[in-house]
Amino acid sequence: MASALFVSLASCLLAVNQAFLINRCDLAKVLYQEGLDGLEGYSLSDWLCLAFVESNFNISKVNENVDGSFDYGIFQINSHYWCNDYRSHSENFCRVDCQDILSPNLLSSINCAKTIVSGAGGMRNWIKWRLHCSGRPLSYWMTGCRLE
């Protein structure tokens with residue numbers, strides 16, 4: 001009985017530590033349905049490149065920064081400016097809890113990303129997008145994806 005409980009507990013711990021990944025084309029479809037294609041001049045390929053370079057399509061990714069803030073979710077949305085993680089001061093410009101950014105339905109993450117992109121700097125707010133996506137041919141990100 002004790003060994004069965006231990007195996008069950010170990011399985012739960014492994015599941016908690018696993019990344020929640022979304023397929024590139026599935027993400028493209030969700031982003032398309034939520035109106036991100038062409039938003040502020042950015043294509044779905046820009047969004048896919050952003051999601052890849054920030055989180056490797058990991059919806060549940062959380063990263064601690066050297067300044068003590070945290071980045072959350074598929075777009076690595078920062079707690080200092082965009083969401084409230086209740087750990088430190090936050091501007092919370094997206095008016096959302098950081099934990100909601102980690103939701104598999106992606107709506108909180110997408111809505112916050114829309115807010116970020118619609119403000120000053122657009123996608124340039126993401127350093128990794130500037131370094132790895134901006135000004136590069138990105139159409140290959142949509143290869144094989146159907147949006148319908």
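A pocket here is an open set of points on a 1 Å grid over the protein atoms alone, with protein on both sides within 12 Å along at least five of seven lines, where a 1.4 Å probe fits; its lining residues have an atom within 4 Å of a point. Grid points are joined across faces, edges and corners, and a volume is the space filled by probe spheres set on the points.

This is a predicted model, in which local features need pLDDT of at least 70 and side-chain atom pairs count only at pLDDT 80 or more, while totals for chains, interfaces and linings use all residues. Residues are numbered from 1 along each chain as its sequence is written, and side-chain values use heavy atoms, with hydrogens and water left out.

**Exercise 1. Describe the largest pocket and its lining.**

Step 1: start with the volume, which is about 300 Å³.

Step 2: go on to the lining, made of 15 residues, with Asp-71, Asn-78, Asn-125, Trp-126 and Ile-127 nearest the centre.

Step 3: look for elements that give two or more residues; they are strand S3 (77-78) and helix H6 (127-132). Helices (H or I, at least four residues) and strands (E, at least two) are DSSP runs numbered from the N terminus. H6 gives the most, with 3 residues.

Step 4: sort the lining by type, and you get 6 nonpolar, 4 polar and 5 charged residues. Asp, Glu, Lys and Arg count as charged; Ala, Val, Leu, Ile, Met, Phe, Trp, Tyr, Cys and Pro as nonpolar; and the others, Gly among them, as polar.

**Exercise 2. Place Trp-126 in the largest nonpolar core.**

Step 1: such a core is a set of buried Ala, Val, Leu, Ile, Met, Phe, Trp, Tyr and Cys residues joined through side-chain atoms within 4.5 Å. Buried means under 20% relative accessible area (1.4 Å probe, protein chains only).

Step 2: the largest core has 42 residues, and Trp-126 is among those with the most contacts inside it, along with Leu-27, Leu-31, Trp-47 and Phe-75. H3 gives the most to this core, with 7 residues.

Step 3: list contacts (heavy atoms within 4.5 Å). Leaving out residues up to four places away in sequence, Trp-126 touches Leu-50, Glu-54, Phe-75, Gln-76, Ala-113, Ile-116 and Val-117.

**Exercise 3. Work out the surroundings of Ser-90.**

Step 1: find Ser-90 in the loop between S3 and H4.

Step 2: check its burial; Ser-90 is buried, because its relative accessible area is 16%.

Step 3: inspect the side chain of Ser-90, where a polar atom lies 2.8 Å from the backbone oxygen of Ser-79.

Key:
Buried < 20%, exposed > 50% of the residue type's maximum accessible area, 1.4 Å probe, protein only. Polar contact = N/O pair within 3.5 Å; in protein donor to acceptor, adjacent residues only side chain to side chain.
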